[in-house]
Amino acid sequence: MRHTLSRRFAPMVAGAIAVTGLSALAAPAAQAALPGTPGLLAGSKILSDGTVTTATENPDGSRLVLHLTSTGGSDQGGGAAWSPDGTSVVYVDGAPAVDTYRPNGTGEEFINDGGADPTYTPDGSTLIEALQSNVDYTTYQLVSTPPTPGLTGAAGLNQPPPPPWFATPTGGSDRYPSVSSSTGAVVFEHDTKGASDIWTDHGNHTAGPLILNGHQPDVSPDGSRIAFYRLVGGYDQLFVQAADGSGSATQVTSGSTNHTYPKWTPDGLGLDYNANPGTDYLNTVGHHLVLASGQDTVIPGGLFSVTQQPTGKTPLGITSTFHSTGPTRVLDTRYGTGQVSKGAVAAGGTAAVALVGANGLPAKGVTAVVLNVTVTSPASSGHLSVYPEGTAVPSTSNLNWTAAGQTISNLVTVPVGADGEVDLTNQSGGSTQVVADLQGYYTGDTSGSTFTSVSPARILDTRYAQGIATTTPIDNSTIRVTVRGQGGVPVGAGAVALNLTAVGTTGAGYLEAYSDGAAAPTVSNVNWTGSGATLAGLAIVPIGADGSVDIKVHGEANVLADVFGYFGGSQTGQDFVGVAPDRLLDTRYATGVPTRTPLPAGHTIALQVTGGAGGVPSGVNAVVLNVTVTDTTGAGHLTAWADGSAQPTSSNLNWTGRGQTFPNQVVVPVGPDGKVDLYVNSSADVIADVFGYYGG
């Protein structure tokens, strides 16, 4: 370990609570003990070779993401702290240097050299650090710097150091700054001649003592209290005292062990801290203490020096408008795109996707994203769930597959987590590769486009020369399809919702839809793995300046395109509102129907989508559903439309044989009674999950 870490790890992890029955502390119990919003944990992790790297994980110990170097080794980092909005982690690497990265381990950016103990001001505009002296390497002074990427290489060496926080040195070594959200005052550990006290800048950069005999102060989220440690009977114990230094300190830990590095939970109800039976950082154990009850649990996953993500509420229920990006690949586990390293998602594993910055996606204000998600090379049957980061894995699904080796894709509209990420969890018995292409995003303002649903209208069918001059299958060619003025799409529309269907495939292949006049983006919308397949997938495609979209066929197939709605170009369009994924229909288990029986061939079910647990209110214009057919008995198709209107001739899902499972996202108008109709021409079990709605 470098010298800047020795002070961080040795004193603050000098002891550990002796916990009995450690093996009984299962992950769910640890998660239940963590009060407040269940955000991620960031901290340090000891690797098998004894080195340390920063890491993030869920409170239940799942989805541990190690932040490794470009060569796969430890970043030798520590002192992790969250940005106030929870979108990034700042830490000190082994150089030493201050860096930031995203919660999923990607997007590392260098800030500056030589700092330690970085923390943000409450508004996120400034980083306060302890800058190491270049003379004795043991003395520190507080400095401030913007949390923006710094210069590297020779240019960085010529940059002046960050400005000091105090115009006049304090006469000691200052570390572990923490900022009050209520007063803006900075508290810090001030060391002089072996004595450590807690000092403050009084909110005006004027240094002075606050609490005698204290180490590593941390101000509570509401600014009312300070947690710190001090030596009691030969062991470091945690204390809590009023933030203005008044009154006496309350001791909250005891015993023959050391308790150090206290960090408040975002709700102010508990403390995360380190415990160690001696002075060797290799023995460090992270703990979580609920102050009201005294319940103490071990942090799962082996993390220590832990701090909890200060996330707000996931942006559900916010009226939003749409911004089309055109297809942009944001995740490909085969090549490590959007991840720390390449590799399939393990059974039960989760890939978190950081979306900020992808093709112009802003850092603030995003409520939901539209992704085309593809699963390929799965080791067994299973399904994939996509949901906002920081929320529990839902019981819904977005993609389903029935055998190893399948490639299947589906459009997904999903709210983002408070940190701007979404999670994709592999709910199967084997690993699988996952690909995700960003199609667009929603923001909680009026800067984007509204959506207008239309009665499904077919504008392309290569089998019958509809929208094209020939009746032959398309063989590795591009179809230009006029959209504006067709199927109810007006001249001013900016993007169109198309249900694309590949029919009569020859060999493996895929469809790629994009704006006419733009370069092919090398992404996919509909995938197939063999001959004779019929597969459908919804796509939201930007419309070119000439009013057309391109559909590129990789392989050979007939192609159908049905319009289901458009964005922009209407004074009566509807805003989007995302809801927590919820299952409205599952004929296998009598969810949404009276009995556990498949939907019979030629049968229509009127599904109530408003007024229930899914959170869709009455009066909505259209609803976003993920519809899945499974346990099919033969070839067939499913059609969705507004209850009370005529059944269209289009289809939403297609299948070619017995025992198949296929999903598709459906944007379907809702009838005046709050229902949508689902029809199958061949018996199958049907599942419908709601993800949002338009209007209301």
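A strand here is a DSSP run of type E with at least two residues, and strands are numbered from the N terminus. The model used in these exercises is predicted.

**Exercise 1. The largest cavity**

Task: Find which strand gives the most residues to the lining of the largest cavity, and describe that lining.

Solution:
- Step 1. Count the cavities. With a threshold of 30 Å³ or more, there is 1 cavity. The space in the largest cavity is about 90 Å³.
- Step 2. List the lining. The residues are Ile408, Ser409, Val526, Asn527, Leu535, Ala536, Asn652, Leu653, Asn654, Phe662, Pro663 and Asn664.
- Step 3. Assign residues to elements. Two or more lining residues come from each of strand 29, strand 36 (526–528), strand 37 (534–542), strand 43 (653–655) and strand 44.
- Step 4. Pick the main contributor. Strand 44 gives the most, with 3 residues.
- Step 5. Sort by character. The lining has 7 nonpolar residues and 5 polar ones, with no charged residue.

**Exercise 2. The sheet of 8 strands**

Task: Work out which strands stand at the edges of the open sheet of 8 strands, and follow the pairing at strand 29.

Solution:
- Step 1. Write down the order. The sheet runs 29-26-31-24-39-46-41-44, and its pairing is antiparallel.
- Step 2. Read off the edges. Strand 29 (407–415) and strand 44 (662–669) each have a single partner strand, so one side of each lacks a neighbour in the sheet.
- Step 3. Note the twist. From one strand to the next it averages 25 degrees.
- Step 4. Look at one pair. Strand 26 (residues 366–376) is joined to strand 29 by 9 bridges, and the two run antiparallel.
- Step 5. Find a bridge within the pair. Thr374 has Ser409 of strand 29 as its bridge partner. Ser409 is also among the residues that line the largest cavity.

**Exercise 3. The sheet of 4 strands**

Task: Give the strand order of the open sheet of 4 strands and name its edge strands.

Solution:
- Step 1. The order is 25-30-27-28, with antiparallel pairing.
- Step 2. Strand 25 (350–354) and strand 28 (399–401) are the edge strands, each pairing on one side only.
- Step 3. The twist from one strand to the next averages 15 degrees.
- Step 4. Strand 25 pairs with strand 30 (residues 421–428) over 5 bridges in the antiparallel sense. In this pair Val353 has Val422 of strand 30 as its bridge partner.

**Exercise 4. Salt bridges**

Task: Explain what the salt bridge between Lys263 and Asp218 ties together, then examine the partners of Asp586.

Solution:
- Step 1. Start with the total. The structure has 14 salt bridges.
- Step 2. Take the first pair. The closest N and O atoms of Lys263 and Asp218 are 3.7 Å apart. Lys263 belongs to strand 19 (residues 258–264) and Asp218 to strand 15 (residues 215–219), so the salt bridge ties together parts that are 45 residues apart in sequence.
- Step 3. Check burial. Buried means under 20% relative accessible area. Asp218, at 9% relative accessibility, therefore counts as buried.
- Step 4. Turn to Asp586. Its salt bridge with Arg583 has closest N and O atoms 3.5 Å apart, and for its salt bridge with Arg588 the distance is 2.8 Å.
- Step 5. Apply the cut-off again. Asp586 is buried at 2% relative accessibility, whereas Arg588 is partly exposed at 27%.
- Step 6. Add a network. Salt bridges link Arg329, Asp332, Arg334 and Asp437.

Notes. Residues numbered from 1 in each chain as written. Predicted model: local features only at pLDDT ≥ 70, side-chain atom pairs only at ≥ 80, totals over all residues. Heavy atoms only, no water. Salt bridge = Lys/Arg side-chain N within 4 Å of Asp/Glu carboxyl O. Buried < 20%, exposed > 50% of the residue type's maximum accessible area, 1.4 Å probe, protein only. Pairing = 2+ DSSP bridges. Axes fitted to C-alpha atoms, helices over the stretch in contact; angles between N-to-C directions. 1 Å grid on protein atoms, 1.4 Å probe; cavity = no way out; pocket = protein on both sides within 12 Å on 5 of 7 lines; lining within 4 Å. Points joined across faces, edges and corners; volume = space filled by probe spheres on them. Nonpolar A, V, L, I, M, F, W, Y, C, P; charged D, E, K, R; others polar.
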